[in-house]
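Colleague: I have a model open and want to learn how to read its pockets and helices. Can we take the features one by one?

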Amino acid sequence: MNPGAQHPDGPAAQPLRSDAERNRERIIAAARTVFARDGLSASMASVAREAGVGIATMFRRFPTKEELVDAVFSDRMGAYAEAVTVALEDPDPWNGFVGYIEAACAMQAADNGFADVLTMTFPTAKILEQRRNEAYQAMLLLIDRAKATGRLREDFDPSDLVLIHMANAGVVNATGDAAPDAWRRVVALFIQSLETPARGPLPDSPGHEPLYEAMLRAGQGTSAPPSGKSG
């Protein structure tokens, strides 16, 4: 053994850990920029280029795209859950319900990546999905309170919120900077259609399970194929 060599756990190893952490933060910052601009269809390679790191470094820090999505959007999902909490604190349940929909759709409009996140699910993104579930449980109460006022139509189903997010994401992605406020009109149309008196019954809800399957497939569709590691 070379007596001058540092122990692997000693000071000589620290710069490597610091470099790794700097690379991780650089990748997360780059992913926020790329996903906000291009949505979750953006490749891991494009994030690596934005971060100024090699693709091998990218996959050492984030072996899967779901892990990167978790790191990038967990805080944003926390803010989304907080929007539901704020809505529940509104003394007028209908105004709280409407305010939540407007706030959530505004978050989608501000970030193409988050617009996608609300229409997908990522089972291995533990923190993100935990916060999504917390928001969902609070939303159930929000819906019940709005219905109790008599202003939210009785046949409104929690899965309808997912459909609203899917529709809004489509509008945001399609209009882009050509018509950046188009989503506001669409959301207003949705909200006005939800208030009683209803003009007629709605078609059957697709239900939770089919929509979860659709969100799961959409999330899986954003993952880079194995060949992406060499791209």
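Colleague: Start with chemistry. How many residues of each class are in the lining of the largest pocket?

Modeller: Count the lining by class. This is a predicted model, so the counts are computed from predicted coordinates. Here the lining of the largest pocket has 10 nonpolar, 6 polar and 3 charged residues.

Colleague: Which residues lie nearest the centre of the largest pocket?

Modeller: Go from the full list to the centre. The largest pocket has 19 lining residues. Nearest its centre are R132, Y136, V162, H208 and M215. Two or more lining residues come from each of α7 (126–148), α8 (159–175) and α10 (208–221). The top contributor is α7, with 5 residues.

Colleague: How much space lies in the largest pocket?

Modeller: About 410 Å³. For the second largest pocket, the value is about 270 Å³.

Colleague: What lines that second largest pocket?

Modeller: Read it the same way. Its lining has 16 residues, and F156, D160, L163, L194 and L202 lie nearest the centre. By class, they divide into 9 nonpolar, 2 polar and 5 charged. Both α8 and α9 (182–194) supply at least two residues. The largest share, 4 residues, comes from α8.

Colleague: Now a helix. Why is α2 described as largely enclosed by the rest of the structure?

Modeller: Check burial residue by residue. Buried means under 20% relative accessible area. Helix α2 covers residues 44–51, and 6 of its 8 residues are buried, so the rest of the structure largely encloses it. The buried ones are M44, A45, S46, V47, A48 and A51.

Colleague: What follows α2?

Modeller: Look at the backbone angle there. G52 follows α2, and its phi is positive, near 75°.

Colleague: Last one, a loop residue. Where is D157 found?

Modeller: In the loop between α7 and α8.

Colleague: Why does D157 count as partly exposed?

Modeller: Compare the value with the cut-offs. Partly exposed lies between the 20% limit for buried and the 50% limit for exposed. D157 has 26% relative accessibility, so it counts as partly exposed.

Colleague: With which side chain does the side chain of D157 make a polar contact?

Modeller: With that of S159, at 2.6 Å. Then look along the chain as well as through space. D157 and G207 are 50 residues apart in sequence, and 8.1 Å separates their C-alpha atoms.

Note on methods: Residues numbered from 1 in each chain as written. Predicted model: local features only at pLDDT ≥ 70, side-chain atom pairs only at ≥ 80, totals over all residues. Heavy atoms only, no water. 1 Å grid on protein atoms, 1.4 Å probe; cavity = no way out; pocket = protein on both sides within 12 Å on 5 of 7 lines; lining within 4 Å. Points joined across faces, edges and corners; volume = space filled by probe spheres on them. Nonpolar A, V, L, I, M, F, W, Y, C, P; charged D, E, K, R; others polar. Buried < 20%, exposed > 50% of the residue type's maximum accessible area, 1.4 Å probe, protein only. Polar contact = N/O pair within 3.5 Å; in protein donor to acceptor, adjacent residues only side chain to side chain.
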